[in-house]
Structure formats: structure tokens, C-alpha cells
Amino acid sequence: MTEIPKALQEFKPNEASERTELQRRRDRWFRALCLAVGCSSIAILFLLLVSIAYQGSSSLNATFLSASHDPENPERAGMYPSIVGSVILCTLCAIISLPIGVAAAVYLEEFQPKNRWLLRLHGLVQLNIANLAGVPSVVYGLLGLTLFVYMFQLFGKLEQNQVSGIDFWGIQRYYQFVTADDLAVIFVPMDESKESTLRIESPRPAFDTNFNPIDLQIWDPATPQPTDPDVLSRTVRKGDVGALVEIYRWYYFRLPFGPSLLAAALTLSLVILPIIVIASQEALRAVPSSMREASAGMGATRWQTTQQVTLPAALPGVLTGAILAMGRAIGEAAPIFVVLGGNIAKRTGPEHLMDSCVTMPILIFAWADNPVEQYRQLAAAAIIVLVALLLVMNSVAIYLRGRS
Amino acid sequence: MNRGLPIPSALEQKRYRPTGSARRSERVVVALLMACALGTIALSVLIVLMLLRESWSFFSSPNVSLTQFLFGTRWTALEVRDLEKVEFGIWPLLSGTLRVTGIAMLIAWPMGLITAIYLSEFASNRVRKILKPSLEILAGIPTVVFGYFAVLLISPGLQWFSPSFDTFNATSAGIAVGILCLPLVCSLAEDALSAVPTSLREAVYSLGGTRMNTALNVVLPSALSGVISAMLLAFSRALGETMVVALAAGTLATFTLDPRQQSQTMTGFIVEMLKSDLEYGTVQYYSLFGVALALFVITFVMTLLGQLIRRRYREVYQ
Amino acid sequence: MAFSGGCIRFSAQFRYFPIMGVLCFFTLVGCGGQPSAETKKGNGAADKAPVPALRGNIQVDGSSTVRPIGEAVAKRYAEVQSQVQVDVGGRGTGNGFKRLIAKEIDFSQASRPVTPNEAKLLKEAGVEFLEVPVAYDGLTIVVHSANDWVKELTVEQLKKIYAEDATAQNWSDIDPSWPNEPMKLFAPGTGSGTYDYFCEVIGGKLRTGISLNEDDNALVTGVSGNQYSIGFFGVAYFEENRSKLRAIPIVNPKTGVAVLPEREAIEKNDYSPFSRPLFVYVNRQSLDRAEVRSFLKYYIESAPELVQNVGYVKLPSDVWTKVNEIVANPQANLGSRFLNANGEKKEGSFLELFLGQSDAAKSEAPAGAATGQEGQ
């Protein structure tokens with residue numbers, strides 16, 4: 001049995017009961033104070049939301065949700081790219097940090113070593129994770145900038161007009177030519193020379209706009225121009241110069257990452273990793289040890305127990321933590337600002353891993369800075385959308401928690 | 001809590017085959033898990049290395065001295081481009097950070113703690129079921145939102161109250177950061193208070209104590225280490241808060257105690273420097289890594305302290 | 001879970017949130033999905049002459065002042081060439097040139113001409129460039145709207161307020177009839193072209209103790225928040241905040257007349273010395289690419305009308321004639337017109353240097369009558 005806590009030992013009942021009436025009155029006052037403070041804390045926070053909803057609700061319409069930023073006309077401006085950007089970024093983040101975070105949590109909770117030194121290490125990891133959760137997110141941003149964006153310049157710099165960086169997959173390079181009738185473009189695949197431009201003198205394998213192979217015709221401007229529009233659409237002038245154009249697949253991968261979606265996602269993953277680890281640990285801790293013991297009693301190894309008993313039982317808790325961490329990621333502005341810069345003029349969501357990306361907090365930050373009053377209203381409207389999205393995510397979290 | 005949990009299918013179906021190969025593959029799996037856990041240490045190491053490497057470009061400059069950095073009271077990295085004349089003394093930024101954080105804590109600590117006491121000791125079940133989740137929903141609001149709250153509502157309010165307030169001032173940023181930290185303090189403190197066994201409360205009542213006696217004289221002291229660690233965590237969160245101060249605290253690094261003045265904080269300076277048109281590669285640019293290093297060290301110490309206190313408290317009640 | 005502030009806990013009883021959330025989500029999807037498809041269709045069926053569907057990726061960076069122009073052009077260009085992606089950054093004029101030197105970008109937008117040092121570095125890096133002015137910006141000196149004592153300011157007085165060696169603390173130090181209250185000074189950040197331009201006009205660096213902010217809107221908020229403040233920034237930001245701020249007429253040193261930063265005055269160059277041209281610098285090598293050529297052409301075609309929508313003033317028509325000439329024949333017009341053959345800075349006003357006219361010739365020739373004969 002536990003000892004009587006010190007606080008209880010020092011409590012003097014005599015003093016308390018002597019002036020009962022005074023004590024009761026004080027008690028009532030204290031309760032009123034607590035109620036007042038408690039309600040006002042929540043009232044302040046709701047006041048904030050209501051004032052923003054009031055400001056932004058008039059701008060919230062279909063155009064706003066489907067258009068992109070328009071520097072000329074706030075009425076045509078929208079946040080579609082940022083919604084897509086935030087959702088994709090957040091999903092990538094979860095894909096990257098969830099397995100690592102859960103694995104670390106499983107190791108910390110289920111595989112506590114017996115060796116004294118390993119146990120020390122274990123404690124160190126635990127402490128370290130708590131500390132990581134306290135590191136300001138802007139510092140993670142700086143880490144992302146040097147580690148992911150520039151990669152310490154180990155892999156060279158990214159340059160326009162020439163082949164740069166180290167590519168792995170998902171990219172094709174062509175020379176782009178405008179046809180003789182100025183109506184279409186033709187792509188000639190780049191060869192081994194990797195020159196930045198190509199002067200076309202003789203027929204080469206080529207593709208049309210939709211990347212179907214075509215039979216390329218070369219027209220010497222000294223001779224009469226072909227008249228057949230069909231032929232003309234695959235004809236280029238002799239001596240024309242085509243320049244490098246890069247066509248990316250969504251999985252395009254290169255080093256260094258540059259200010260790209262992937263760099264931002266990796267940086268944000270670092271921000272939310274400690275949160276996921278801590279949440280998963282709590283979920284695993286909540287699984288009763290009797291279940292582990294039962295499993296072990298039937299001859300399961302520790303990993304089998306974890307894999308088939310503990311993890312499934314803790315899954316709702318783990319997912320809840322993961323969703324809440326993603327909520328943090330979607331609202332985080334500082335690290336994204338450091339890694340991607342404040343580019344908001346993108347017309348679409350990110351199209352490949354190395355594409356630039358606009359996110360909702362960055363858009364809000366930029367709009368609220370705009371001198372035009374209407375853009376500031378748009379910022380409020382964007383806040384409504386962001387908070388609504390967070391509510392959706394949190395609702396899923398509640399649902400999952402309800403099932404656990 | 002887990003009473004309703006179905007028995008996992010694995011337990012029902014008994015499909016375990018703990019053969020030698022399972023044990024061998026288990027070793028691989030454990031190694032992988034361990035790698036992930038150790039990866040987090042690697043992450044810390046990377047952060048420290050990055051900060052040291054980049055700030056070396058700053059500290060190794062002949063125009064920067066460590067003593068000036070640690071004890072100087074003028075910070076002009078954003079104002080002066082002439083390297084001979086720039087002064088890098090971190091105190092204006094540090095004092096700005098401390099002013100904002102101090103004001104924030106003046107709000108977040110008492111309000112958070114009292115709200116927590118209310119929730120754990122006084123509130124009826126029904127009230128708690130509404131208040132707690134709402135407070136926690138509000139904890140998820142992005143910080144950018146609080147920044148605009150500070151600029152658009154708090155700051156004009158303060159100026160109406162007293163015209164001596166600057167448009168951008170430590171107070172409005174501090175209030176916003178305080179509101180931001182409030183749910184954090186409240187939630188963590190409430191956890192600590194509810195962890196105190198009910199038997200203790202019952203004991204106080206049996207001795208004739210009132211609810212206030214219970215809350216202030218017994219429950220709070222018993223949960224003190226948890227409450228303090230909650231406060232420290234909120235403190236380090238406020239130190240590292242970036243977007244609110246970037247928007248509301250102003251951009252003038254002032255070394256003063258006056259909360260009505262502009263006060264650039266360390267995080268505010270980092271963002272301002274990144275936003276600035278100042279060219280990369282200058283000593284002024286690298287000074288941001290020096291500031292980031294200082295910020296990292298301070299928050300690291302605060303969280304470490306919070307964790308150590310928290311650990312002590314865990315030993316008491318488990 | 002008891003850790004981060006972002007972690008939220010809910011009790012299972014709090015059931016109506018999921019429903020609300022799901023409703024919100026469907027509203028989002030419902031609104032977001034379909035109209036975007038419609039707009040796409042609308043863009044595709046543009047009533048313009050058919051153009052080849054180019055592809056590519058164009059990188060634009062530089063001055064945050066010029067950035068809205070680049071963004072607006074990119075936005076409109078997307079309706080013509082939907083497959084060309086244009087990224088417009090605003091890392092600052094200096095960093096824009098730095099990135100142009102590093103060949104990271106195709107277009108560097110600048111709120112000042114290239115400096116001799118930058119031109120030297122560009123040359124060393126083997127980057128040839130094209131210099132294209134795109135708009136005028138009036139640098140506006142503003143005070144709080146309740147400030148009724150400052151009627152006009154001369155450059156000399158501005159020096160007393162802002163220059164590095166200035167000692168004035170109170171308004172009365174500038175003019176004894178003004179109130180004996182401390183001045184609150186605001187200015188754009190040191191790296192910005194606006195800061196540079198102001199320094200150039202007052203002939204030196206700025207003093208310390210000024211609130212510098214990269215964010216012009218923060219300057220607006222700052223100046224409008226205190227009766228005794230003064231600041232300066234681009235005319236666009238002033239026009240959007242006329243209710244809170246008052247622009248000060250600046251005495252033109254040549255004519256002695258105080259002029260307000262109005263569009264016409266800026267276009268005619270009467271608002272001197274605080275009206276300045278904004279530029280785009282193009283990497284010559286990038287012009288090998290069809291999409292870059294097409295974008296530059298589009299930029300020049302749309303700029304005169306478009307710059308007015310984002311708060312700047314269009315260039316006089318003789319300058320515009322020259323710009324068209326430069327873009328039509330880039331190879332013959334490489335380099336900066338503000339630097340001489342040795343890479344040193346030329347003396348003279350923007351119009352004199354850019355049009356290559358002497359002062360006398362300019363005053364004789366009526367605006368707009370200039371043809372493309374001067375120059376090389």
C-alpha cells in the first residue's frame with residue numbers, strides 16, 4: 001500500500017472546521033471564480049472564431065473554392081490549389097512519418113531491453129523524443145532547408161536551361177520545336193550529348209503534343225512550304241533551334257530536392273514525428289498487459305504478440321494520434337515558409353514530387369498581408385475552410401476513439 | 001476502459017508457430033524497430049549539427065565576437081548593411097522573446113490552471129463533456145489565425161485603452177500567444193489533477209474540508225510536479241512560437257522592459273530575415289542560424305527541465 | 001497524448017461533430033470539384049487565335065514589389081498556355097540577381113537597375129541578359145491621416161528625418177512650428193529595392209532605430225497606428241489605404257513645385273525624384289526556349305494594361321516603343337543601358353539613359369512621337 005501523501009498529512013482539519021461559515025463562503029467564491037475564468041477562456045477562443053467567421057463568410061463561395069490566387073481581382077481569387085496542396089502534403093507526411101513513428105513507439109513500449117546499458121539508451125531515446133516535441137517548428141524548417149532543399153550542395157545545384165541535379169526516375173527530356181505552321185509543337189527526345197539546345201538539320205525520331213511518335217519532316221525555308229496541313233503539323237524548319245523541356249511523371253525523383261513538395265513533406269514529417277511517437281506510445285500503453293500475457297502464454301514471440309495482439313488493439317488510438325498530428329501538420333506555416341518560400345501564385349495543386357506547392361496557412365499568411373481589404377476578407381474565408389477541414393479530421397479522430 | 005474490447009482474432013485462432021525461423025526474422029524486425037527509435041536520436045544530432053555548421057559561418061566572421069553576441073544589447077542585423085558597423089548582441093531579441101513569453105504566461109498559467117481546477121474539481125460531468133472537447137478543438141487552431149487576431153483585434157483594443165501602445169507591441173503578441181497556450185496548459189494540468197487518486201479527495205472531505213480546501217491544499221500540491229511541467233512546456237511552446245510574433249510583435253529589436261513597444265523576438269527575427277531581400281551568404285543572413293542555435297538551446301533546456309520534473313511525478317503515482 | 005498543444009481529445013459523447021464535419025466535407029467537395037472542371041473548359045475554348053500548346057517550366061523571382069506584376073501575367077498567361085508552369089517568387093531584388101547569376105531562374109524582376117557589381121558577376125558566370133522596364137512605381141511618403149502639420153516635404157527635410165547622420169528626434173527638430181513629439185519612423189527592409197532607391201535619393205544610408213519591415217502592409221498598419229509616425233513605400237500600398245494615411249507632396253528639386261504621387265504625375269515624371277521604373281531581367285539563354293519567348297511576349301503585350309490593376313503606373317509610350325523594339329530583337333539589345341562599356345554606372349535620369357536621348361532632345365520631342373531610331 002502507498003503511504004499517506006504528504007499533502008494529506010499536512011492538511012489541518014481543525015483549522016478547516018473551526019470557521020466553517022467563512023470557509024463555505026470562500027468555497028463558493030472560489031467556485032464562482034473558477035467558473036468565470038473557465039468560461040471566459042473558452043469565450044475568448046470562441047470570440048476569435050466567430051469574428052473570423054463573420055469577416056470571411058461573405059467571400060466563401062464556389063469560385064473561391066475552385067479558383068486560384070488572382071493578384072488583379074480579389075473577386076476571382078480562390079484557394080483551390082492550396083486545398084489540394086495542403087491535403088497532398090499532409091497525406092505524404094502521414095505516409096512518411098506514420099510507419100517510422102509507430103515503429104519507434106513499438107520499440108519503446110514493447111521491446112524494453114533488459115541489459116542495463118541498453119535500458120539507459122532506451123531512456124535517452126524517450127527523453128530525446130520529448131525534447132524533439134519541444135523544438136520550435138521554425139528550427140525544423142531550417143533543418144529542412146539545409147538537409148532537403150540544398151542537401152548541403154552535395155549533389156550540385158539546380159539550374160535552368162540545362163541538365164542539372166541527379167535524376168532517378170520519372171523524367172523525360174525533349175527538345176521542343178514549334179512546327180512550320182506555328183500551330184503545334186513537336187518533341188525530339190534528348191540524346192546522350194545532353195546539350196541544352198538542338199539545331200535540327202536532319203530527320204530524327206520525334207513525338208507530337210500527345211507524345212505519339214510521328215514521322216518528322218524537315219523543311220528548308222529556301223524551298224516552297226508544304227501545303228498539306230497534315231504534313232505541315234509535323235514539319236519543322238531546317239536549322240530551327242529547339243530547347244530543353246522536361247516532362248515529369250508524378251513520381252519524379254531527383255537530388256537535391258530543391259524547394260519542392262517532397263522537401264516540404266519530409267520537413268513537416270520531422271515536425272510531427274515526435275507527436276506520433278508519443279501518441280502511439282500512449283495507445284500501446286493503454287492495451288491491458290493481460291492480453292500480452294495471454295498471447296505469450298500461447299507461445300507467441302514478442303513480435304508476434306505485438307503484430308497480432310497489441311497493435312490491432314491499439315490501432316484506433318494510434319490512428320487518432322496520427323490524425324491529430326496531421327491536423328498539426330496542415331496548420332503549420334513556419335517550416336513550410338522556410339522551405340518553400342512564400343510562393344502563392346500557383347494555378348494547380350502540386351503535380352509531381354518535385355513540384356512547388358501552395359498550402360493553406362501560407363496563402364492565409366500572404367493574403368492577410370495584402371494591402372487590399374478584400375484579400376484580407378479572403379484570408380478570413382480561407383481560415384474558415386482550414387478550420388472546417390481540421391474539424392473533419394478531428395471528427396474522424398473522435399469516431400475512431402469512440403470505437404476503441 | 002478496455003472492457004468492451006473484443007478478443008483479437010490472433011488470440012482466438014492460436015496460429016503461432018514460434019519456430020527457429022520466426023525467431024530469426026524477429027531479430028530482423030526488432031533491429032528495424034530499433035533503427036526507427038534510434039533515428040529520432042539521429043534527428044536531434046542532425047538538428048544540432050546543422051545549427052552548428054550554419055552558425056559557424058556567422059560566429060567565425062571576424063566582425064562577430066561571442067562575447068558581443070552573448071552580452072551585447074544592440075542587434076542591428078536587419079538595419080545595417082555595412083558589416084563593419086553591424087552589432088550582433090542577442091539581448092534585444094532575447095528580451096523581446098522574454099517579454100512576449102512573460103505576458104503570454106501571465107495569461108496562460110493562471111487562466112489555464114484555474115480552468116483546469118474547475119474542470120477537474122468543480123465541473124459537473126455534463127459541463128465537462130462540453131467544455132473539455134471545445135477547449136481541445138480550439139487547441140488545434142493554426143497559429144497564423146492567432147496572429148491576425150492579435151493584429152486586427154487585440155492591438156487596436158490596446159491602443160484604444162492607451163494610445164501609448166505601438167501598433168505592433170509585445171503586449172498584443174503576448175496576449176495572443178497566451179490564448180494560444182491556454183488550452184495546452186489547461187489540458188496538461190487537468191491530466192495531472194485528475195491523476196490524483198479520488199481516495200485523497202474523499203479523505204479530505206471526511207476530515208471536514210471544503211472543495212476549495214481539497215483543490216488548493218491537497219490536490220494541487222499532490223499534482224504539483226505535473227502542473228509545473230505543464231507550465232514549462234507551455235513556456236517553451238511560447239518561446240518557439242513564430243507566426244504570431246512575426247505578425248504582431250513588430251520588427252524593431254528593442255532592449256527594454258516596456259511591453260508597449262515593438263519587440264522583435266528570436267523567432268520573429270528568423271522569419272523576418274528569411275522574408276527579407278537581404279542577400280544570402282552575408283554574415284547578417286547567417287546570423288539567423290546563430291539566433292536559431294540560441295533559441296534551440298533555451299527551449300531544449302526548458303523541455304528537459306519539464307521532462308525531468310514530469311518523470312518524478314510519474315514515479316509517485318504508478 | 002498529453003503532450004503537444006495540437007493534440008486534441010474528445011469524449012465519445014460529443015457526437016454531433018462528426019456529422020458536422022462530414023457535412024462540411026461534402027460541401028467542400030461539391031463546391032470544389034465541378035466548377036474547376038468548368039473553368040478549365042472555359043479556358044480551353046478561348047476565342048483567341050490558335051497557338052501551339054507549349055510545355056515547360058518558367059522560373060521567375062526577384063523583387064517583392066514587382067512580384068504582383070509577374071503573378072498577374074502568369075495568371076493570365078495560364079489561360080493561353082495551360083501546360084506551361086510559371087513559378088513567381090518574391091525573394092527580393094538582390095536575391096533575384098543572385099539566382100539569375102546562379103542560372104536558377106529565367107526572369108529576375110527588379111525594382112532598380114542592375115548594379116555594376118552584379119553585372120560583373122553575371123558576366124563572369126556567362127549569363128547574358130535582356131533589360132526590360134515594365135512599369136513605374138511612385139515611392140510614396142506617408143503620414144497618419146490625423147497629421148495636419150506636414151504640408152509638403154523637401155528632399156533636404158527627408159534627409160534630416162531618415163539619413164544616417166540625422167539627429168532629429170522630434171517633429172519640431174525638422175520645423176519649429178511642428179509638434180514637439182517624437183517621430184516614429186517606418187521603412188521597408190534593407191534588402192528591398194525600395195530601401196535602396198530611397199537611400200540613393202537621400203544620398204546615403206538610413207539611420208538606425210527605424211522600424212524596418214519587409215511586409216509593406218505591416219508598414220501601413222504601423223504608420224496608421226500612430227499619429228506621429230512617418231513612413232514610405234510603393235504607391236500601390238498607399239492607394240489601397242487612402243482612408244488611413246496621407247501622402248505628402250514632395251517638392252520637385254527641378255521645378256520647385258510640390259507634387260503628389262498621382263498616376264499622371266508619375267507617368268509624366270513630374271513626381272521626382274521619387275518615381276522609379278521597375279524592371280524584368282531575362283536570361284538570354286532562356287530565350288532559346290519557345291515557352292520563354294512566348295511568355296516574354298505575353299508579358300510585354302499585357303503589361304501596360306495589367307500594371308494599373310495591380311497598383312502601378314504604365315510607362316510612357318515612347319519608352320514602350322523602345323521596349324517592344326528590345327524584345328523583338330533581343331540579340332542586339334543585350335546588357336544594361338544604365339552601365340557604360342566599362343561596367344560603370346552612367347549618370348542621368350531613367351528616361352535619358354533608357355531612351356538614349358539628351359535632355360534637350362527629349363524636351364523638344366513630344367512624348368509618344370519617339371520612334372525606334374535612337375539606341376544602337
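In chain C of this predicted model, 72% of the contacts between residues at least 6 apart in sequence join residues at least 24 apart. Chain C holds 13 helices and 11 strands, and 49% of its 376 residues count as buried.

One part of chain C can be followed element by element. Strand β1 (residues 56–62) of chain C is joined to β2(C) by 5 bridges, and the two strands run parallel. One of the pairings links C:G56 with C:V84, its bridge partner in β2(C). Together with helix α2 (residues 67–80) of chain C, β1(C) and β2(C) form a right-handed β-α-β unit.

Is strand β2 (residues 84–88) of chain C mostly covered or mostly open? The strand is mostly covered, with 5 of its 5 residues buried. In a regular strand, side chains alternate between the two faces of the sheet. In β2(C), C:V84, C:V86 and C:V88 point one way, while C:Q85 and C:D87 point the other way. The residues on both sides, C:Q85 and C:D87 included, are all buried.

Chain A is built from 14 helices and 8 strands. Its radius of gyration is 30 Å, well over the 22 Å that the globule rule gives for 404 residues, so chain A is more spread out than a compact globule. Taken along the principal axes, the C-alpha atoms of chain A fill a box of roughly 115 × 60 × 40 Å. Of the 404 residues in chain A, 51% count as buried. Among the contacts in chain A between residues at least 6 apart in sequence, 72% join residues at least 24 apart.

Chain A touches both of the other chains discussed here, B and C. With chain B, the contact takes 82 residues from chain A and 83 residues from chain B. Helix α3 (residues 20–56) of chain A provides the largest share of the side that touches chain B, 18 residues. With chain C, 58 residues of chain A are in contact with 62 residues of chain C. Several elements of chain A each supply at least two residues to the side that touches chain C, among them α5 (80–110), β8 (241–255) and α11 (302–331). The largest share of that side, 10 residues, comes from α14(A). The table sets out the residue classes on these two sides of chain A.

| Side of chain A | Nonpolar | Polar | Charged |
|---|---|---|---|
| Touching chain B | 60 residues | 18 residues | 4 residues |
| Touching chain C | 29 residues | 18 residues | 11 residues |

The largest nonpolar core has 333 residues, and A:A382, B:A176 and B:V185 touch the most other members. Helix α9(A) gives the most to this core, with 18 residues. Which residues does A:A382 contact, leaving aside its neighbours within four places in sequence? They are A:M79, A:M360, A:L363, A:I364 and A:W367.

A final residue, A:R401, has its place in helix α14 of chain A. Why does A:R401 count as partly exposed? A residue needs 20 or more other C-beta atoms within 10 Å to be buried, and 12 or fewer to be exposed; A:R401 has 19 other C-beta atoms within 10 Å, so it is partly exposed. A:R401 and A:T348 are 53 residues apart in sequence, and their C-alpha atoms are 35 Å apart in space.

Methods: Residues are numbered from 1 along each chain as its sequence is written. Chains are lettered from A and ligands numbered from 1 in the order in which they are written. This is a predicted model: local features need pLDDT of at least 70, side-chain atom pairs count only at pLDDT 80 or more; totals for chains, interfaces and linings use all residues. Two residues are in contact if their C-beta atoms, placed from the backbone, lie within 7 Å. Helices (H or I, at least four residues) and strands (E, at least two) are DSSP runs, numbered from the N terminus. Ala, Val, Leu, Ile, Met, Phe, Trp, Tyr, Cys and Pro count as nonpolar, Asp, Glu, Lys and Arg as charged, and the others, Gly among them, as polar. Two strands pair if DSSP finds at least two bridges between them. A crossover is right-handed if, with the strands pointing away from the viewer, the path from the first strand over the helix to the second runs clockwise. The radius of gyration is taken over C-alpha atoms; the globule rule is 2.2 Å times the number of residues to the power 0.38. A nonpolar core is a set of buried Ala, Val, Leu, Ile, Met, Phe, Trp, Tyr and Cys residues joined through C-beta atoms within 7 Å.
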